[in-house]
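Biologist: I'd like to learn how to read a contact surface between two chains. Can you walk me through one?

Modeller: Sure, let's have it on screen.

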Amino acid sequence: MLKFTKLARLCLVALLGAHLSGCVVVPQKRRRFIADPTMQDDPLEQRARGKLHRSREGASGGRGQPAGGGCACTN
Amino acid sequence: MAVGVSLQVVAVLAPIDATCRAAWASALLLFSVTAQAQSENDAAILGEEASGVRVEELRLRNNVYLQQGNGYQSAYGNVRGPGSEQVWVVEPQISARIRQNDHIRHDIFLGVDIVTAASADGIDLITEASRVNESTTLNAQTTIEDDGSDYSARYGIHVEEHFTSFSVGVGFVEHLNEENTLINASSNIVVDFLDPLDRRGIDTGLVNRTTIDVQVGLSQLLSETTIVDGSIGFAFQGGVLETTWNSVPAQLALSEQRGTLLARTAEVFPDKRLRGVASVRLAQHVPVTHSTLKGSYRFYLDDFGLLGHTAQVALYQYLTDWLYLRGTYRLHEQTGVSFYTEMAAPDLPSRRSRTADSDLAPLTARELGAKLVLVRPQAPAPLRDDDSIDLSYFHYWRTNDMRVHMLSLGYWRTF
């Protein structure tokens, strides 16, 4: 658990640092790589895997998904 | 041939002197001419412009799960437990994006779960009503796009054996910095109605539980190849939160002479629950190697005493310009809820919280996955089309005796 707390702090610092270091503005015409299929998420696959995890672990929710309710499980 | 011409003339008379006025008028006289010419040849080549209600995107997916393992909440086995949690699940899904007009779109999802739940679902052990359960989920979201701001309304229904759930929600997305930054917020209310069959199959009347959640999130382009996003959410639940047909192994006190009896007692939860989730994700495309790396971390905490950490990494690698392979690894660690037990004490008060649900136990879960994707829009001429196909396999396993194999076949088309 301790290593995860350190990892969480590192992620938060990295996120804030990246954001506060001066965000560049990427114009529409230069988003070829951002639009690559590998940079996108498959919503149906995300939903299926999210359900697999949600119904087998007690820690559901996150990234816009509601935590709890909607199923006969208590997770 | 239809020709439309619009001519705009703007003349501004400026300064006092007549000569200057004339000069200004000439200089400032603007002609804006827009000519629209559509020929039959152009329409044939480019196609007619789409108008009216149309399907923009269609996705299909079929998932098959085989779950094996044991859990103390399952009575399928001896009284002491753990009981079998073996199930097969077949899960076809379909989603569509429907464009109503330039500003309104609808996203619709329909999913069916076909579950062989002879052991993991205690209802079948109690009632023997069926050895195959079906459930259906229908979700829809209507989004209004208004010049850099999106407003959405969500609604849905989920129906399964002895359980029905309704959900409504609202959402908002603000596009900033030429859409380099997205700020989103949403809130949902979910109301579940269930027949509270107890572990003996007795139905004490319809009960319900309610979940209210709020989320805020931020997505930011850091460069031409990097996206980062984060979110925080809270959920409050109230009502009958336990799975009423679950049971807990217990030692029941008989008498001093007779000692204790191994039996099963009801699962009991508190009637309120507060949850919090925070997550962050980074996606990095590497043009030199034609690959993408993604990493994410999620932190979870609730007032049942459950603390969870989840980390995931994914590597995408193009094998050709139109075929890529993805490997994923996920690690989840959680403490159990404070009232988890695999043997309830003999002197436990009848309404003291207790659960033997293996999903709520202290555990570590890992998942390895592989996915192959054929991206036909990027394929050479004979294969090229506006759709994609993928095949994936995931192996999920927990330290407390559960293993899941998942096979998934997906199809996606744009119109």
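Modeller: Keep in mind that this is a predicted model. The size of an interface is often given as the accessible area lost when the parts come together. Here chain A and chain B bury about 6,200 Å² between them, and 56% of that is on carbon and sulfur atoms.

Biologist: How many residues of chain A and of chain B are in contact?

Modeller: On the chain A side it's 54 residues, and they touch 93 residues of chain B.

Biologist: And how many salt bridges does the rule find across the interface?

Modeller: Eleven salt bridges between chain A and chain B. One to look at pairs B:Arg330 with A:Glu57, side chain to side chain, at 2.9 Å from N to O. For polar contacts, the rule gives 27 residue pairs across the interface, both partners at pLDDT 80 or more.

Biologist: Which elements of chain A give two or more residues to the side that touches chain B?

Modeller: Those are α1 (2–20) and α2 (43–54) of chain A. α2(A) gives the most, with nine residues. By type, the chain A residues touching chain B split into 25 nonpolar, 17 polar and twelve charged.

Biologist: What about nonpolar patches on the surface?

Modeller: Chain B has a nonpolar surface patch of about 580 Å², and its members include B:Leu60, B:Ile94, B:Leu110 and B:Phe166. Strands β6 (104–116) and β8 (149–160) of chain B each supply at least two of the patch residues.

Biologist: Where does B:Leu110 sit?

Modeller: You'll find B:Leu110 in strand β6 of chain B.

Notes. Residues are numbered from 1 along each chain as its sequence is written. Chains are lettered from A and ligands numbered from 1 in the order in which they are written. This is a predicted model: local features need pLDDT of at least 70, side-chain atom pairs count only at pLDDT 80 or more; totals for chains, interfaces and linings use all residues. Side-chain values use heavy atoms; hydrogens and water are left out. Contact means heavy atoms within 4.5 Å. Buried area is the accessible area (1.4 Å probe) that two parts lose on being put together, summed over both. A salt bridge is a side-chain nitrogen of Lys or Arg within 4 Å of a carboxyl oxygen of Asp or Glu. A polar contact is a pair of N or O atoms within 3.5 Å; within protein, one must be able to donate a hydrogen and the other to accept it, and residues adjacent in sequence count only if both atoms are side-chain atoms. Helices (H or I, at least four residues) and strands (E, at least two) are DSSP runs, numbered from the N terminus. Ala, Val, Leu, Ile, Met, Phe, Trp, Tyr, Cys and Pro count as nonpolar, Asp, Glu, Lys and Arg as charged, and the others, Gly among them, as polar. Patches are made of residues with over 30% relative accessible area and no salt bridge: like charges are joined within 9 Å, nonpolar side chains (Val, Leu, Ile, Met, Phe, Trp, Tyr) within 5 Å. Accessible areas come from the Shrake-Rupley method with a 1.4 Å probe; for residues, only the protein chains shown count as cover.
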